[in-house]
Amino acid sequence: MHPQRHLHPLLLAACMFVVASLPTCGYAQSTSPAPLLPPLHDGAHDFDQLLGNFTFQLRFMLHPLTGTPSWTDMAGTGSCYKVWDGRAQLDTVELDSASGGHIEGLTLRLYDRDARQWRLYWANNRVGRLDPPQVGDFRDGQGDFYTTDTINGKIVLIRYDWTRMTSGTPHFEQAFSPDGGKTWEVNWITNQTRTGDAAWGQPQPGRQSTQPPGSAVPPPSTLRDGQHDFDFDFGTWKMHIRRLLHPLTGSDEWTEMEGTTVTNKIWDGRSNLATVEADGQSGHLELLALRLYDPLAHQWSISFATSDSAILSVPAVGTFTDGRGEFYDSELYHGRNILVRFSIWAVSANEVRSEQAFSADGGQTWETNWINTYTRVSEKGGE
């Protein structure tokens with residue numbers, strides 16, 4: 001939650017990707033005893049106590065790791081929503097300081113059932129991009145999560161600590177370590193108080209985050225403001241899927257699925273979360289897509305995950321032109337790097353189409369491998 005750090009259908013492609021096993025180097029084939037690891041527990045519901053509406057009281061350090069421990073206080077409200085029956089969560093927060101500072105942020109939490117660990121992804125709407133995920137788990141009621149990031153031009157370790165989870169007043173701290181974990185400097189302290197249940201569709205924060213104290217205000221942009229480009233997609237939709245089983249092989253074998261997709265508004269439309277659940281001959285799909293608007297670049301990024309992997313994909317980035325959104329990324333597919341394009345557009349107020357395509361020749365030719373048709377069920381969202 002550090003303020004200074006910085007598919008929809010496309011997500012469905014994640015279930016097609018084959019993750020190859022990495023070769024084992026000779027020096028890794030050691031006969032030394034395996035390190036002792038603590039026994040694993042099923043932590044799929046470790047964050048259940050954060051579901052609901054909360055008030056926040058927090059303090060954060062304005063200039064961490066600089067030797068000038070100047071702190072400021074903020075207060076606000078937030079809501080945490082259940083996704084995938086609690087194995088994922090979307091947590092939103094809106095905070096204000098007495099000096100007029102404003103933060104509007106979110107955390108997407110995903111549980112990896114194989115590793116029995118959580119990944120915590122943070123973003124604020126002033127930047128519209130995700131920080132590197134914090135990864136970890138709970139032991140004896142305390143959650144510890146770690147990552148690395150660049151702070152003041154240097155790579156440092158970052159730690160999240162969660163305690164008092166069952167008290168109704170959860171406690172959170174963030175700390176940085178510039179020396180590989182030998183010492184830690186706490187720079188963010190949050191205390192929450194639960195005020196009730198949270199339901200998708202309730203009013204969301206609507207003000208833009210402001211610049212951190214002491215930072216320069218960016219110049220105004222002449223680019224088109226697309227922060228409401230996805231407004232047409234909010235609500236609940238019936239979904240029909242056609243998927244090419246073997247892309248980039250010359251095959252013309254397709255399969256079909258039927259399901260439901262729900263898109264919920266976040267930050268008054270400057271972000272949204274789309275969830276997909278579908279069934280067909282190829283099995284059951286449970287997916288999500290987090291879409292974030294970058295107000296400086298005037299671009300959207302879309303990150304995807306399945307309930308099995310709990311790892312967000314490389315974000316697809318792009319814009320809307322004349323009502324059609326096109327988003328691109330580069331990623332590995334069967335060991336080769338390819339380009340991926342995701343397109344989405346409204347056919348009418350009650351019908352949406354989207355497609356995914358791959359290119360193995362740098363964008364000269366594209367093969368469509370996923371076609372989706374959405375028919376509106378309701379303008380309301382939900383889990």
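P64 counts as buried in this predicted model, because its relative accessibility is 6%, which falls under the 20% limit used for that word. The residue has its place in the loop between β1 (52–61) and β2 (71–83). Although P64 and E185 are 121 residues apart along the chain, their C-alpha atoms are separated by 7.8 Å.

**The nonpolar cores**

The largest nonpolar core has 29 residues, and of these F47, L95, F145 and W162 touch the most other members. The elements that give two or more residues to this core include β1, β2, β3 (88–97) and β4 (102–112), and also β5 (117–124), β7 (142–151), β8 (154–163) and β9 (171–177). Apart from this core lies another one, made of 23 residues, among them F230, I241, L285 and A316. In soluble globular proteins, nonpolar side chains tend to be buried together.

Which residues is L95 in contact with, once its neighbours within four places in sequence are left aside? The partners of L95 are F56, L58, M74, A75, G76, G101, H102, I103 and W188.

**The barrel**

Ten strands form a closed barrel with antiparallel pairing, and the order runs β11-β12-β13-β14-β15-β16-β17-β18-β19-β20. On average, neighbouring strands of this sheet are turned by 25° against each other when direction is ignored. Strands of a sheet pair through backbone hydrogen bonds, either parallel or antiparallel.

Three of the pairings can be set side by side, each with one pair of residues that stand opposite each other.

| Strand pair | Bridges | Direction | One opposite pair |
|---|---|---|---|
| β13 (271–280) and β14 (283–294) | 10 | antiparallel | E277 and E286 |
| β14 (283–294) and β15 (299–306) | eight | antiparallel | L292 and S301 |
| β19 (351–359) and β20 (367–378) | eight | antiparallel | A357 and T368 |

Strand β14 appears in two of these rows, since it pairs with β13 through 10 bridges and with β15 through eight bridges. How many of the 12 residues of β14 are buried? The strand is mostly covered, with 10 of its residues counted as buried.

The connections on either side of β14 are both hairpins, for β13 is joined to β14 through two residues, while β14 and β15 have four residues between them. In the turn of this second hairpin, H298 has a positive phi of about 55°.

**Residues in and around β12**

T261 has its place in strand β12, and it is buried because its relative accessible area is 0%. The side chain of T261 reaches the backbone oxygen of T275 at a distance of 3.1 Å.

The loops before and after β12 each hold a residue that has a positive phi although it is not a glycine. In the loop between β11 (235–244) and β12 (254–266) is L248, whose phi is about 60°. In the loop between β12 and β13 is D268, whose phi is about 55°.

Are these two loop residues buried, exposed or partly exposed? L248 counts as partly exposed because its relative accessibility is 34%, and D268 counts as partly exposed because its value is 33%; partly exposed is the class that lies between the 20% limit for buried and the 50% limit for exposed. T261 in β12, in contrast, is buried at 0%.

Technical notes:
Residues numbered from 1 in each chain as written. Predicted model: local features only at pLDDT ≥ 70, side-chain atom pairs only at ≥ 80, totals over all residues. Heavy atoms only, no water. Buried < 20%, exposed > 50% of the residue type's maximum accessible area, 1.4 Å probe, protein only. Core = buried A, V, L, I, M, F, W, Y, C linked by side-chain atoms within 4.5 Å. Contact = heavy atoms within 4.5 Å. Polar contact = N/O pair within 3.5 Å; in protein donor to acceptor, adjacent residues only side chain to side chain. Axes fitted to C-alpha atoms, helices over the stretch in contact; angles between N-to-C directions.
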